[in-house]
Amino acid sequence: MYNSLTEFIQRLEDAGELRRIAYPADPNLEITEIADRVMKAGGPALLFEKPKGYDFPLLINAFGSERRMAMALGAERLDDLAAEIADLTKPDIPQGLGAKIAMGLKYARLAKYLTKQGKGTAPCQEVVMEPPRLSALPVLTCWPLDGGPFITLPLVFTHDPNTGKRNVGMYRMQVFDDVTTGMHWQLHKVGMEHMVDSGAKPIQVAVCLGGDPAYTYSATAPLPKEIDEMLFAGFLRKQAVEMVKCKTIDVSVPRDVDFVIEGYVDPAERRIEGPFGDHTGFYTPAEPFPVFHVTAITHRKDPVYPATIVGPPPMEDAWLGKATERLFLPLLKTQVPEIVDMNLPVAAAFHNLAIVSIRKRYPGHARKVMHALWGLGQMMFTKIIIVVDADVDVQNPTEVLWKATGNIDPSRDLEIAMGPVDQLDHASVYACYGGHVGIDATAKWASEGFTREWPPEIEMDPGVKAKVDAIWGRLGI
């Protein structure tokens with residue numbers, strides 16, 4: 001766990017993963033160009049100590065490598081966290097009293113990660129900005145055709161108006177003026193659901209920036225609606241998240257974040273938001289979206305403004321996406337247990353392509369898996385699913401292309417379906433609704449109508465390989 005974003009920054013610096021930038025770079029396009037070059041080169045996190053015209057330092061690319069992503073979540077490797085999640089999600093039925101006690105203890109430990117109200121003065125409320133001014137924050141204008149500056153790493157807290165259940169999502173926010181922004185609640189997002197369910201009544205919203213990086217990751221995670229993002233953050237940081245009530249609204253937020261922007265959204269109000277250079281690598285068009293009205297801004301005495309940029313991959317969000325791929329694979333396997341591994345390629349903006357290996361057991365098994373995935377949460381947005389056999393390394397693009405393209409007959413192995421697509425998808429026939437394709441690249445069986453002989457893969461004789469291993473040092477190669 002980290003007690004502040006500054007503590008995480010220090011950890012990055014100590015590990016040689018951060019560069020301080022004294023040059024007063026301009027948040028209007030210039031910081032994007034600098035950060036984009038660093039991201040494309042696999043470079044370090046950047047702390048702009050004095051952005052041009054602003055007093056608050058700006059952090060970007062903090063999640064921009066596998067190592068930094070693991071450090072953000074307090075782990076040596078992402079696979080270590082994945083193994084812990086896999087242990088929690090094992091569906092084994094305990095046999096005997098000892099096993100039942102062990103299982104009870106395993107799940108009981110999650111209770112200590114439930115949020116709790118903190119005591120004393122909250123760091124995030126050390127300074128109350130009077131009057132609230134979004135123009136005081138070094139908000140980035142990322143790309144030349146963007147509709148304006150956008151807050152790009154907001155943690156947006158809302159509550160279900162019927163049940164009171166909390167949701168924390170990440171939705172871009174275009175700054176219109178000092179006290180209003182857009183709220184990019186897409187059709188399928190929980191924030192939009194909360195607003196619609198509130199009827200005509202304005203919905204209270206708190207927006208947090210910074211704090212323990214586990215908060216930021218949790219806001220991006222595709223959690224089931226039943227799981228509280230702050231409980232998940234507590235699990236990741238191995239300590240419950242301490243909350244504090246906002247000053248002007250009845251919403252609680254983590255007490256150690258850097259900035260809190262309080263306000264409300266009126267369901268009856270829309271305003272044109274965008275364009276925005278998005279993670280697809282294309283601009284999403286200007287469209288009407290809800291409007292967020294600011295009622296207060298509080299912050300630490302020494303806050304850091306966290307930001308990111310998205311655009312043509314690879315970018316910093318590649319590693320947020322890869323963390324999700326690895327951490328949520330165990331949960332996916334509880335629903336589709338025949339899955340061996342999955343790759344959501346960065347270049348395909350994650351939701352455009354999924355490569356999945358399975359243990360094939362019966363005719364049509366690959367097609368069953370495709371439809372199962374399209375029925376699971378945000379996997380419903382996946383435009384292309386390629387299913388391969390268990391022996392294919394889905395993390396090796398060369399092997400996937402070799403075996404997948406070699407194994408398919410397009411007249412037989414394509415599964416075309418219609419369904420929901422991401423609202424950011426510019427290519428679908430309709431907004432939010434379009435086509436999906438599944439490719440069955442598994443070896444075909446006679447029971448699937450394949451009457452020819454399926455050829456074996458080319459492999460050298462093991463004895464010859466062993467002999468060449470033994471003489472390799474004498475060959476001078």
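What kind of unit do β20, helix α10 and β21 make?

1. The three elements form a right-handed β-α-β unit. The model is a predicted one. Strand β20 covers residues 353–358, and helix α10 covers residues 365–374.

2. β20 and β21 pair in the parallel sense, over six bridges. Within this pair, V356 stands opposite V387 of β21.

3. β21 also pairs with strand β23 (residues 433–440). These two strands run parallel and are joined by four bridges. Here I385 stands opposite G438 of β23.

4. How many of the six residues of β21 are buried? Five are, so strand β21 (residues 384–389) is largely enclosed by the rest of the structure.

5. Now the nonpolar cores. The largest has 41 residues. I60, W185 and I261 touch the most other members. Several elements give two or more residues to this core. Among the helices are α2 (30–40) and α6 (190–197). Among the strands are β2 (45–48), β3 (58–60), β9 (173–177), β11 (203–209), β14 (259–273) and β17 (287–299).

6. A second core is separate and holds 34 residues. Its members include A45, A70, A221 and F232.

7. Look at I60 in detail. Neighbours within four places in sequence are left aside here. I60 is in contact with I31, A35 and M39. A45, L46 and F48 also contact I60. Further along the chain, the contacts of I60 are L140, A307, T308, I309 and E316. Note A45: this residue is in contact with I60, yet A45 is included in the second core.

Technical notes: Residues numbered from 1 in each chain as written. Predicted model: local features only at pLDDT ≥ 70, side-chain atom pairs only at ≥ 80, totals over all residues. Heavy atoms only, no water. Core = buried A, V, L, I, M, F, W, Y, C linked by side-chain atoms within 4.5 Å. Buried < 20%, exposed > 50% of the residue type's maximum accessible area, 1.4 Å probe, protein only. Contact = heavy atoms within 4.5 Å. Pairing = 2+ DSSP bridges. Right-handed = clockwise from strand over helix to strand, strands pointing away.
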